[in-house]
Amino acid sequence: MRPNAPCPCSSGDKYKRCCGPLHRGAPAPSAERLMRSRFAAYALGLVDYVMDTQHPTGAIWRPDRAAWAADLSRFCTETDFVRLRVLETGEQGGDATVTFEAQLRQRGRMAPFVERSAFRLLDGRWMYLEAL
Ligand SMILES: [Zn+2]
């Protein structure tokens, strides 16, 4: 990913000023930023980032990391992550929700969906918990 290219999370900002630093280890300042950085990570095939930002108590966390990585890689290869739009966010204590609309394309067909996601702090860092 070129640092000056537009960030894949659709923020309109350059990658180096948006999700780039998060992908290199900087903590997300909010659940929304974490969500955006995870969308960008899917778009870039950064499967370790996707797994590392998933809360271990969430419904879809998997202990079999190698198999999980393989499934994520396949999903990333088969999918174009076209556009992201955040619709609503809420935060209370160490919990947050983000509702977003994602435009994906698989096998040439658009596959848009809306999800309301739950996020939870773990050791001071926002993590994706699960879809609500
Ligand atoms: Zn971004």
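The following dialogue examines how several descriptions of this predicted model are justified.

Visitor: What makes the protein as compact as a globular protein of its length?

Guide: The radius of gyration is 14 Å, close to the 14 Å that the globule rule gives for 132 residues, so the protein is as compact as a globular protein of that length. Along the principal axes, the C-alpha atoms fill a box of roughly 40 × 35 × 25 Å. Of the contacts with a separation of 6 or more, 42% join residues 24 or more positions apart.

Visitor: Which elements make up the fold, and in what pattern do they follow the sequence?

Guide: There are four helices and four strands. Their pattern along the sequence is α-α-α-α-β-β-β-β.

Visitor: Why is Asp 123 called exposed?

Guide: Exposed means over 50% relative accessible area. Asp 123 has 76% relative accessibility, so Asp 123 counts as exposed. The residue is placed in the loop between E3 and E4, and its C-alpha atom is separated by 22 Å from that of Asp 64, which is 59 residues apart from Asp 123 along the chain.

Visitor: Why is Ser 10 called partly exposed?

Guide: The class of partly exposed residues lies between the limits of 20% and 50%. Ser 10 has a relative accessible area of 31%, and therefore the residue is partly exposed. Ser 10 is found in the segment before helix H1 (20–23).

Visitor: What is notable about the phi angles of Ser 10 and Asp 123?

Guide: Most residues other than glycine have a negative phi. Ser 10, a residue other than glycine, has a positive phi near 70°. For Asp 123, likewise not a glycine, phi is positive and near 50°.

Visitor: How much of the protein is buried, and what supplies its exposed surface?

Guide: Buried means under 20% relative accessible area, and buried residues make up 39% of the 132 residues. The protein exposes about 7,300 Å², of which carbon and sulfur atoms supply 50%.

Visitor: How much space lies in the largest pocket, and which residues are closest to its centre?

Guide: The largest pocket holds about 260 Å³ of space. It is lined by 15 residues, and the closest to its centre are Arg 38, Tyr 42, Phe 100, Phe 113 and Glu 115. Helix H2 (31–44), strand E2 (95–106) and strand E3 (109–122) each supply at least two lining residues.

Visitor: What is the make-up of the lining of the largest pocket by class?

Guide: The lining of the largest pocket has 12 nonpolar, one polar and two charged residues. Tyr and Phe count as nonpolar, whereas Arg and Glu count as charged.

Visitor: Which element gives the most to the lining of the second largest pocket?

Guide: The second largest pocket has about 160 Å³ of space, and its lining residues include Leu 22, Tyr 49, Asp 52, Arg 125, Trp 126 and Met 127. Helix H3 (47–52) and strand E4 (125–131) are the elements that give two or more residues to this lining. E4 gives the most, with three residues. By class, the lining of the second largest pocket has eight nonpolar, two polar and two charged residues.

Notes. Residues numbered from 1 in each chain as written. Predicted model: local features only at pLDDT ≥ 70, side-chain atom pairs only at ≥ 80, totals over all residues. Heavy atoms only, no water. 1 Å grid on protein atoms, 1.4 Å probe; cavity = no way out; pocket = protein on both sides within 12 Å on 5 of 7 lines; lining within 4 Å. Points joined across faces, edges and corners; volume = space filled by probe spheres on them. Buried < 20%, exposed > 50% of the residue type's maximum accessible area, 1.4 Å probe, protein only. Rg over C-alpha atoms; globule rule 2.2 N^0.38 Å. Contact = heavy atoms within 4.5 Å. Areas by Shrake-Rupley, 256 points an atom, 1.4 Å probe, with all protein chains shown as cover.
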